[in-house]
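Subject: Structure handover

Hello,

Here is the structure you were waiting for. My notes follow below it.

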Amino acid sequence: MDPLIAVVGATGTGKSKLAVDLAVRFNGEIINGDAMQMYRGLPIITNQIPLDERKGIPHHLLSCVDLETEAWRIGHFKREALRLIAEIQSRGKIPILVGGTHYYTQAVLFKDQLVGEGSDAEDDHVAKKKPEPESSSTSEKWPILDASPEVLMEKLKEVDPAMAARWHPKDARKIRRSLEIYFQTGRPASEIYAEQQAEKEKAVSQSEGLLRFDKTLIFWVHAEREVLNQRLDARVDGMIQQGLLAEAETMFDFLQKKEAEGMEVDQTRGVWVSIGFKELAPYFTACREGGRSEEGLKALRDRCVESIRSATRQYGISQIKWIRNKLWRALADTGMTRRLYLLDSSDVDQWTKFITTPSEGIVQALLDGTSTPDPKSLSPLARAVLGAKEEQAQAPSGSVMTTFTCDVCGKVVVGEEQWEIHLKSYSHKRGLKSAARKAERDAYFRKRAMEEQQKGDTSESPGAESRANP
């Protein structure tokens, strides 16, 4: 019955500040749930909370791994986070899990996560089958995983046709992951998925909670999009002033050193995909190669920085989508959406009114065992967003998605809902008209061709020749 508080939300909304405020107020300790912030020596590029803002609160899993360390898999993070939660609770304190890598957070919050939904199920199956070192590279063991999407899809159709039918043929990441699960476990991902779904349905029917901790509270720090985008642009500018380019250049020099030593670094995982490094890489390359004027380098640098702003905004959107869809659906399936509280951080000047006061009141009610308020009652934004989610008809999380191919448009869509949307779309209707006109033209030309052929056959017949030359 020990409590667990989780703080989620898009980057730049104030998650870290809320976590510290709650830890100070309720004697808590913080566990970082952001994959990038685990790396040490890169506090700016990974947006780590500054020391002077931590107010003496212990922060676990923050700045704890070296640059060359491979990104933690979900199972590894879950085990470490659960170990820390138990230690913090044993000291009579409240663990507060905060971070933007929401599939990490979700693996800790729920007892079982379905394959493809931010799951660690495949890690558990692999552990039971044969222990593997955390740092082992799947692409080294199974080189086909680095093949083209077309090759990956053909292999997936061979070993797991049910999963192949779910994914868009160009969605290389999902196709690759389904194959990876098959190679790791020796079983089709669709089979594991079906077992997980059956277990979840059984638990729900028997009124067993699927949340790992009975006293769980999830605070979603949210802001209006336009306000958040302005805030994120300003944050990027601040990071530039604080030394973002210097950190990114350190990473670039590390790669150059490893390359000179004949060592290849996987830049598709871990801190190498962090926003800020990959966008600036072209600028550092140009600086090393030379040949550009100072004005040319400055223009390239400005374009790279603008790319960082754009990528940061897009990342924020993807984080919100995860909460709206994945996290909400997981809570809805367990009947626990009342545990998710949206806190409006659009106006930082109203932080106390919309963040501090309601969050502290909710935590205190949980600890006292009294009723907590309706999540929609906290603010107009909470009422609008959460109310819309409640009204929206949600398909069961275990429903199998199917791909549909439109022969008219040559387009592939995933899921019946998207298929219906496509059929009603202007582009599809325009395609139907175009196809009808093309069919009419083809029919016309076929008819003309047949008539010409018939005339030719008639003119070449012996009777026709005798009539033409009596």
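Asn47 lies in the loop between strand 2 (28–32) and strand 3 (59–60). Bear in mind that this is a predicted model. Asn47 is not a glycine, yet its phi is positive, at about 60°. The residue is partly exposed, with a relative accessible area of 27%.

Ser63 is another such case. Its phi is positive too, about 55°, and Ser63 is not a glycine. Look for Ser63 in the loop between strand 3 and helix 2 (74–90). At 28% relative accessibility, Ser63 counts as partly exposed.

Now the chain as a whole. The secondary structure comes to 18 helices and eight strands. The chain has 470 residues, and 45% of them count as buried. Take the contacts between residues at least 6 apart in sequence: 73% of these join residues at least 24 apart. The exposed area of the chain is about 24,600 Å². Carbon and sulfur atoms supply 51% of that area.

Next, strand 5 (216–222), which comes up several times below. Val221 sits in this strand. Is Val221 buried or exposed? At 0% relative accessibility, Val221 counts as buried. Which residues does Val221 touch, leaving aside those up to four places away in sequence? From the start of the chain there are Val7, Val8, Gly9, Ala10, Thr13, Gly14, Lys15 and Leu18. Leu343 and Ser345 complete the list. Thr11 is 210 residues from Val221 along the chain, but their C-alpha atoms are separated by 9.6 Å.

Two helices have strand 5 among their packing partners. Helix 3 (residues 102–109) is mostly covered, with seven of its eight residues buried. Those seven are His102, Tyr104, Thr105, Gln106, Ala107, Val108 and Leu109. What do the buried residues of helix 3 pack against? Strand 1 (4–9), strand 4 (94–98) and strand 5 are there, along with helix 2 and helix 13.

Helix 15 (residues 380–391) is the other one. Helix 15 has 12 residues. From first C-alpha to last, helix 15 reaches 16 Å, close to the 16 Å expected at 1.5 Å a residue. Its buried residues are Leu381, Ala382, Val385, Leu386, Gly387 and Lys389. Note that a lysine is on that list: Lys389 is buried. The cover over the buried residues of helix 15 includes strand 5, helix 13 (294–333) and strand 6 (340–344).

Helix 13 also turns up at a cavity. The count of cavities of 30 Å³ or more comes to three. The second largest has a volume of about 50 Å³. Which residues line it? The lining is made of Ala223, Arg225, Leu228, Asn229, Leu232, Arg313, Gly316, Ile317 and Ile320. Helix 10 (225–242) and helix 13 each supply at least two residues of this lining.

One more residue in helix 10: Val227 has its place there. With a relative accessible area of 30%, Val227 is partly exposed. Val227 and Ser346 are 119 residues apart along the chain. Their C-alpha atoms are separated by 6.3 Å.

Last, the cysteines. How many disulfides does a search of the whole structure find? It finds zero. Cys406 is in no disulfide, and the nearest cysteine sulfur, that of Cys409, is 3.7 Å away. Why is there no bond between Cys409 and Cys406? The two sulfurs are 3.7 Å apart, and that is too far for a bond. The cut-off for a disulfide is sulfur atoms within 2.5 Å. As a reminder, a disulfide is a covalent bond between the sulfur atoms of two cysteines. Are these two cysteines buried or exposed? Cys406 counts as buried, at 3% relative accessibility. Cys409 is partly exposed, with a relative accessible area of 32%.

Best wishes

Definitions and conventions:
Residues numbered from 1 in each chain as written. Predicted model: local features only at pLDDT ≥ 70, side-chain atom pairs only at ≥ 80, totals over all residues. Heavy atoms only, no water. Helix = DSSP H or I, 4+ residues; strand = E, 2+ residues; numbered from the N terminus. Expected span 1.5 Å × (residues − 1). Buried < 20%, exposed > 50% of the residue type's maximum accessible area, 1.4 Å probe, protein only. Contact = heavy atoms within 4.5 Å. Areas by Shrake-Rupley, 256 points an atom, 1.4 Å probe, with all protein chains shown as cover. 1 Å grid on protein atoms, 1.4 Å probe; cavity = no way out; pocket = protein on both sides within 12 Å on 5 of 7 lines; lining within 4 Å. Points joined across faces, edges and corners; volume = space filled by probe spheres on them.
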